[in-house]
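Subject: The structure I promised you

Hi there,

Here is the structure we talked about, so that you can open it and follow along. My notes on what I found come right after it.

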Amino acid sequence: MSQRIPVTELTPGFRGRAEEALTDGQLRNNFRVAMDSLMTKRANAFPDADEREGLRELGNRLKAGALSRLPDLLEQLEKKLTENGVKVHWAETVEEANELVHGIIEARKGSQVVKGKSMVSEEMEMNDYLAERGIECLESDMGEYIVQLDNEKPSHIIMPAIHKNARQVSKLFHDKLGEPETEDVNQLIQIGRRTLRRKFMDADVGVSGVNFAIAETGTLLLVENEGNGRMSTTAPPVHIAVTGIEKVVPNLRDVVPLVSLLTRSALGQPITTYVNLISGPRKPDELDGPEEVHLVLLDNGRTGAFADAQMRQTLNCIRCGACMNHCPVYTRVGGHTYGEVYPGPIGKIITPHMAGLDKVPDHPSASSLCGACGEVCPVKIPIPELLQRLRQENVKDPEQPQQVKGGGAKYSRTERWIWRGWQMLNTRPALYRSFLWAATRFRALAPKKAGPWTENHSAPVPARRSLHDLAARHLDQNGGRPS
Amino acid sequence: MTARANILGKLRSSLVGTTPRPDEFDEALVTAPWRYAPEDRIARLRSLMEAVHTEVHQCGSDNWPELVAELLNKRNLTNLLCAPSIEHGRALQAYFEATEQTIELLAYDQPVEAWKEELFWNVDASLTGTLGGIAATGTVVLWPDRHEPRLMSLVPPVHIALLKASEIHDNLYDMMVSQDWAAGLPTNVLLVSGPSKTADIEQVLAYGAHGPRELIVLVLEDL
Ligand code: SF4
């Protein structure tokens with residue numbers, strides 16, 4: 001499998017990519033249609049508003065409760081998993097995680113890996129890492145397989161190939177697999193099924209993500225519809241699960257509301273086709289299942305987000321994708337525009353902790369702050385509030401100690417002085433009056449350019465008379481009475 | 001310092017001076033909206049499962065093998081993977097022998113490595129029992145073991161699941177609590193709610209992505 005071209009290298013910066021995406025009518029249409037339908041599906045999945053709100057509140061409390069005892073839970077999880085025969089590994093960085101995964105594969109002399117859908121493995125760019133070491137790592141989720149075949153990255157966390165339509169997939173299968181062209185989705189899926197079935201059978205190692213890790217029982221829970229997750233975690237002799245450290249919940253029963261929130265928010269399904277609870281490798285008397293199961297727990301910036309009580313809420317995320325489905329910005333520019341693993345609202349609040357805010361300085365402002373993301377989030381992450389916080393972090397003095405990694409990237413001395421001046425003007429009445437007098441009289445001298453504002457708007461020109469003037473004159477004429 | 005110590009250390013230092021939040025689980029929220037009269041459970045499970053292309057049949061506890069033969073014959077399938085060493089497998093075998101069915105019964109009686117190729121390419125259908133069902137979501141619960149290993153319900157293109165009506169629970173919470181799952185889970189438990197599917201291309205739903213194309217649930221009316 002050839003190397004993926006990191007999307008970030010195609011066009012630099014969010015702004016450039018956004019402009020490009022906005023001119024692509026096909027792309028805009030694909031997203032518009034898909035997001036409209038996902039929004040309807042979610043709405044239909046929660047017909048009772050009281051139940052929905054109660055469940056969201058519970059989801060929030062369960063996740064926040066789990067985070068409030070996270071280190072203990074991780075230790076409990078490790079202990080239980082170990083008792084069950086699962087090997088637990090810890091990684092602070094994606095490099096460490098990749099090394100661990102590679103080490104496990106090498107110990108088995110493995111050369112072929114099949115991968116179920118896993119956003120953490122995207123964070124790790126695991127496919128590229130393994131490919132460079134001669135190991136083929138094949139995506140087995142249909143959507144992921146399609147984007148991998150086209151050397152792309154996923155554009156949505158639940159529907160990785162949502163930016164493509166059937167015609168585009170047909171062409172891709174024709175070009176890359178030599179299959180006859182067809183726009184029949186069923187036939188396209190059957191091509192994927194045939195191609196991947198052989199891979200499931202031959203793979204030495206299966207990799208998966210984890211939706212919830214249950215400390216009480218030492219269980220990894222995965223939701224999926226296709227069966228590729230079950231194949232990847234069951235058919236090969238080794239299963240490696242990779243997950244962020246925030247995915248642990250205390251008790252088995254906690255997954256009841258969380259799975260319900262996840263599947264209904266993501267695709268509007270009451271439940272996914274498969275909910276897979278894995279609690280250990282094959283036992284001596286069993287006839288199938290992997291001989292080895294490993295769990296890699298990854299930090300990659302999560303402890304940084306955790307350190308800040310407000311930003312910690314980011315770690316509540318159960319990766320349902322609802323925030324992007326409802327985001328007016330995401331719908332128009334698509335997932336690739338963000339240039340990062342996690343697009344849309346969740347990406348904007350989580351990427352700064354992974355990559356650093358200076359890598360994505362435009363992200364916090366690529367939002368209308370309409371609040372839709374926060375309103376739909378099943379675990380009630382106050383995304384708009386966190387975006388505002390990141391906007392503040394963005395303009396903090398970089399000389400000062402930073403609370404969010406890479407803060408201060410948008411700090412501008414000029415802007416700082418302008419605001420100081422503005423403050424002075426507005427807190428000294430005499431100064432304010434003389435400024436107003438001058439601004440109205442010399443209005444012709446107002447600057448014609450005002451930064452990005454005048455890219456799409458005409459420049460503001462002060463009125464001939466200020467409102468104060470007009471009001472005073474009016475009151476004079478009416479003997480001090482408002483008419 | 002190891003990665004483990006670093007991660008746990010950072011998390012602990014961020015929590016200094018805080019107390020863990022109390023357990024705020026709300027049982028009523030995950031059970032009350034999902035209660036059904038016993039006579040409605042089958043109907044609820046059935047309508048949800050059928051909505052996602054599952055074929056559901058209700059039959060007696062003794063005449064189901066006949067139905068299995070009929071379903072396989074209708075599809076021109078030539079073999080069926082089952083577990084002749086356990087009760088329902090024995091019943092099926094007895095029926096097939098007595099009626100001289102031409103469908104070959106296969107047993108999963110050796111480690112998968114010994115017959116992976118055959119399992120992946122030459123098995124038409126499989127039949128397994130279930131631990132029960134869930135009315136709220138239209139789900140059957142599989143609890144694989146030595147007799148009915150994990151791949152049995154996944155690899156063959158048609159999967160037939162036997163579900164006793166008396167074992168249909170209202171919701172997942174009730175089921176896991178009444179059966180005390182937390183006390184000891186097997187290596188793998190599966191909640192299955194339909195045949196394998198995907199909507200990854202243009203959100204058009206297509207069945208038979210990687211797992212079974214068809215799921216057939218036989219509800220044995222043992223009430
Ligand atoms: S932030 Fe909320 S809505 Fe967005 S993916 Fe995470 S859980 Fe879903």
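A good place to start is where two strands from separate chains meet: strand β9 (residues 274–278) of chain A is joined to β9(B) by 5 bridges, and the two run antiparallel. If you want one pair to look at, V275(A) has L191(B) as its bridge partner. Please keep in mind that this is a predicted model.

From there, follow the strands into chain A. β9(A) also pairs with β6(A), again antiparallel, over 5 bridges, and in that pairing E224(A) stands opposite Y274(A). β6(A) has a further partner in strand β5 (residues 212–214) of chain A, with 3 antiparallel bridges between them; here I214(A) is matched with T219(A). The hairpin of β5(A) and β6(A) has 4 residues between its strands, and G218(A) takes a positive phi near 65 degrees there.

How many of the 6 residues of β6(A) are buried? The count is 6 of 6, so the strand is largely enclosed by the rest of the structure. In a regular strand, side chains alternate between the two faces of the sheet. In β6(A) both faces are covered, with T219(A), L221(A) and V223(A) buried on one side and L220(A), L222(A) and E224(A) buried on the other.

Now for the wider interface. Chain B brings 75 residues to the contact and chain A brings 98. Together they bury about 7,700 Å², with carbon and sulfur atoms giving 59% of that area. There are 10 salt bridges across the interface. One of them links D72(A) to R12(B), whose closest N and O atoms are 2.6 Å apart. Polar contacts join 44 residue pairs between the chains. Several elements of chain B give two or more residues to its side of the interface, including α1 (3–14), α7 (172–178) and β9 (188–192). α1(B) gives the most, with 9 residues. By class, that side of chain B has 42 nonpolar, 16 polar and 17 charged residues.

One last spot to visit is N394(A), in helix α18 (residues 383–394) of chain A. Is N394(A) buried or exposed? Its relative accessibility is 2%, so it counts as buried. A polar atom of the N394(A) side chain lies 2.9 Å from the backbone oxygen of P361(A). Leaving aside neighbours within four places in sequence, the residues in contact with N394(A) include L357(A), P364(A), G408(A) and Y411(A).

Enjoy exploring!

Best wishes

Conventions
Residues numbered from 1 in each chain as written. Chains lettered and ligands numbered in written order. Predicted model: local features only at pLDDT ≥ 70, side-chain atom pairs only at ≥ 80, totals over all residues. Heavy atoms only, no water. Contact = heavy atoms within 4.5 Å. Buried area = accessible area lost by both parts, 1.4 Å probe. Salt bridge = Lys/Arg side-chain N within 4 Å of Asp/Glu carboxyl O. Polar contact = N/O pair within 3.5 Å; in protein donor to acceptor, adjacent residues only side chain to side chain. Nonpolar A, V, L, I, M, F, W, Y, C, P; charged D, E, K, R; others polar. Pairing = 2+ DSSP bridges. Buried < 20%, exposed > 50% of the residue type's maximum accessible area, 1.4 Å probe, protein only.
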